[in-house]
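Here are my notes on the model, as numbered points. Please read them with the structure open.

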Amino acid sequence: MSLTASSQGATGPRVLLRRLREVMAGSGSAQERLDQVVRVIAANMVAEVCSVYLIRDGELELFATEGLNPQAVHRTRLAIGEGLVGLIAERGRPLALRDAQAHPNFAYRPETGEEIYRALMGVPILRGGREVGVLVVQNRTHRDYNEDEIEAMLTIAMVLAEMVASLLSRDDETAPREGMTDLPARLAGTVFNEGLARGTAVLHQPRIVVERHVADDPEQESRRLRQGIVELREQIDTMLRMAIAEPGGESREILETYRMFAHDRGWVTRMVAEIEGGLTAEAAVERIQVENRTRMAEIADPYLRERLNDLDDISNRLLRTLTGRADSAAAETLPDDAILVAHNLGPAELLDYGEARLRALVLEEGSASSHVAIVARALQIPVIGRIERLLELVDPGDTILVDGDHDQVFLRPGADVEAAFAQSLEAREAEAAEFDAIRELPAMTRDGVEIALNMNAGLLVDLAHLDATGAAGIGLYRTELHFMVRAAMPNVATQVTFYDRVLDAAGERPVIFRTLDVGGDKVLPYLARHEETNPAMGWRAIRLSLDRPVLLRMQLRALLRAGAGRRLNVMFPMIADVSEFRQARALLDKELERQRRLGEALPVQIRVGTMLEVPSLVWQLPTLLDEIDFISIGSNDLMQFLFASDRGNPRLTGRYGVLSPAALSLLGDIVAKCRDADVPLSLCGEAAGRPLEALALIGLGFRAISMNAASIGPVKRMVRGVDMSRLAPFVQELGRLPDHSCGDRLRAFAEAENIPL
Ligand code: PEP
Ligand code: MG
């Protein structure tokens, strides 16, 4: 802990913490002792005001103050988010202001008499990761609170949290109901993976409440911390050994990152410094963790956030080691219908739970492109993230309804919500049974046109869905995912093992490996990053690969080796003109030549193709088609570039797409050109997985499309209801219409023709 000279007064941190403890353990009513505590803190922080607000019935209530009008105690109440104190509670992080009254959130409460104070600093009071209140100091003058003072307040707030709980539990009259956890609640979030689920809340990390914060013997606490770290390192090494037994698995590289943190000297040094300031080993871990979380909330960079999240996870593991608690809920017996609730989660941790009992994942943090969301998609469980205050509101064992179709979660739902949700769930289950029944049947229209329904994949966990869905093959293997969930660049041997497993799982079914499509939001932790204004149109995919040919050559080498004796399909992403394709192809030829020279076995057939994602390539088709073996349209990117419409911008979602006449007419042209040149064509963007869009695509002449595993059933059901001789002429006309979208016309057609969507 780093209390500054000014904030230490004449005492010093350890003495202050001990003094606080003495007051709290002393005689007098709860209120009297809390009043004394705020006096001690005010004096120590050289502040005219010190106040404690505690959450009672979902609101912040002034519980004790030194400096504000005593009449305001238990009268001043603020909603979460209201005023500066409410803002601190809402954000869950410190706030320091030289001129508090100039802040837009300042809410004047006449009963407090606070108008004479200018500067304000407040920190959340957290207990076991839950916010229970806010601690505030105020000064008359415009004062700049420095970093050390904020840190000192965080430590005091932590110690206070323990004391508040023990003190108030003895005084029923003023006791706040801890948290806000008994009422039904609807929580809004952001869907990372669609779907519905009902189940029982399981906290990924059982709540650990540090009971003892202040220690008298720093030597002993230091020893305990070091012992805890030794055990933590051993645990990680054991997990690593287990991961190594499963070559090519995703979790290994992540554990390497964990190991790096566990051996980080800076982290240990910071915790030891806290112990020297008077904290117990557990309190020191928690203290640095809170600081880390505060930093995390301010960082926008997704890669750095993921790393800080890893550090958060490591801190929790260490806390559990020190308190002798189970590692995570994965180590305990889960209910059959577990809904995992976490602040955030690493992909490896999610994989630890296995698929059997997991119904959904609900996160306080996260993003749709985070690694854990990618893995959850592969596991086919709905995920909702970015739910504010989630961990404060959920208790283990709560019933949760996850509505991944409408970005919401219902906690402890009432009977009416339960009934409505049960109906939606039933309808879903009936559909799933229907898809199961057609799994082995061909994806063939009523008049005998066969459509190859392929699956998109990118992680080993996806492979199980090949059999489960009856997909014809893998139409897009996004190899970058394998690179993204690792802490270090996988070498050629590791890549070979991985691609080998993919080809083994596919057997006779074709797999199209797309070479690395990194850059933009797909970040490789071990590759230098460059700030870009428009990363989606930036230095990504084939552009990066051609500028860093070693990376691509290593990958091509691994693919050739894994494909030895089998059929290999290689596809290049984001090709904008023929010359780029030629350059990429030349690298493949070089690797092929090298394999030959070394006398290594080669694939029995190599087909080389390209994604069509950049509109410029359409005008080069006459030349390109002579040189390639297949094309796959990446409609996600093609639409974003065609309509100048950011695919990641939620305000534009669904605004343009393949059902716009312009897109239909462009796609129709591409189909015709590929057909004339006899080059196989597919489409592997998200549109292929939506039955209405897929209906348009097959009507335009696509005979192969590739989609998420979960879409194969619905799309196959649609295909089997189509009469192509009626659909094709109808769709051909749509491209000429002046409509914004042909969605409604197509839906009406499907209804009239009894095509299930
Ligand atoms: C696409 O752009 O449609 C595509 C399939 O590639 P990705 O989504 O990986 O960019
Ligand atoms: Mg793309």
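**Notes on the predicted model**

1. In the ligand 1 site, the side chain of R647 places an N or O atom 2.8 Å from an oxygen atom of ligand 1. Bear in mind that this is a predicted model.

2. Two backbone contacts join that one. A polar backbone atom of N636 lies 2.8 Å from an oxygen atom of ligand 1. For S635, a backbone N or O atom is 3.1 Å from an oxygen atom of the ligand. Ligand 1 has 15 residues around it. Those that come nearest are R478, R514, G634, N636 and R647.

3. Next, the metal. Which residues coordinate the magnesium ion? The donors to this ion, ligand 2, come from E613 (OE) and D637 (OD), at 2.0 to 2.1 Å. The pair links distant parts of the chain, with the two positions 24 residues apart in numbering terms: they are 24 residues apart. E613 sits in the loop between β19 (605–612) and α21 (621–624). D637 belongs to helix α22, residues 635–642.

4. Are these two metal ligands buried or exposed? E613 is buried. D637 is buried as well.

5. Now the open sheet. It has 8 strands with mixed pairing. The order is β7-β14-β13-β9-β10-β11-β12-β8. β7 (185–188) and β8 (190–193) form the edges, and each pairs on one side only. On average, neighbouring strands are turned by 30° against each other, direction ignored.

6. Look at the β8 edge. β8 and β12 (residues 383–385) run antiparallel and are joined by 3 bridges. Within this pairing, V191 stands opposite I384 of β12.

7. A helix packs on this sheet's strands. Helix α14 (residues 415–437) lies across β9 (196–203), β13 (399–403) and β14 (408–411). Its direction is at about 115° to β9.

8. Strands β1 to β3 deserve a separate look. β1 (residues 49–56) pairs with β2 in the antiparallel sense, over 7 bridges. C50 has E66 in β2 as its bridge partner. The hairpin of β1 and β2 has 2 residues between the strands. There, D57 takes a positive phi near 50°.

9. β2 also pairs with β3 (residues 77–79), again antiparallel, over 3 bridges. E61 stands opposite R77 of β3. How many residues of β2 are buried? The count is 6 of 8 for this strand, residues 59–66, which is mostly covered.

10. Check the backbone at R386. Its phi is near 55°, a positive value in a residue other than glycine. R386 lies in the loop between β12 and α13 (390–393). Why does R386 count as partly exposed? Because its relative accessibility is 45%, and the partly exposed class lies between 20% and 50%.

11. Check D678 too. Phi is near 60° here, a positive value in a residue other than glycine. D678 is found in the loop between α23 (661–677) and β21 (681–683). D678 counts as exposed because its relative accessible area is 69%, and exposed means over 50%.

Note on methods. Residues numbered from 1 in each chain as written. Chains lettered and ligands numbered in written order. Predicted model: local features only at pLDDT ≥ 70, side-chain atom pairs only at ≥ 80, totals over all residues. Heavy atoms only, no water. Pairing = 2+ DSSP bridges. Helix = DSSP H or I, 4+ residues; strand = E, 2+ residues; numbered from the N terminus. Axes fitted to C-alpha atoms, helices over the stretch in contact; angles between N-to-C directions. Contact = heavy atoms within 4.5 Å. Donors = N, O, S within 2.8 Å, 3.2 Å for Na, K, Ca; no water. Buried < 20%, exposed > 50% of the residue type's maximum accessible area, 1.4 Å probe, protein only. Near = heavy atom within 4 Å. Polar contact = N/O pair within 3.5 Å; in protein donor to acceptor, adjacent residues only side chain to side chain.
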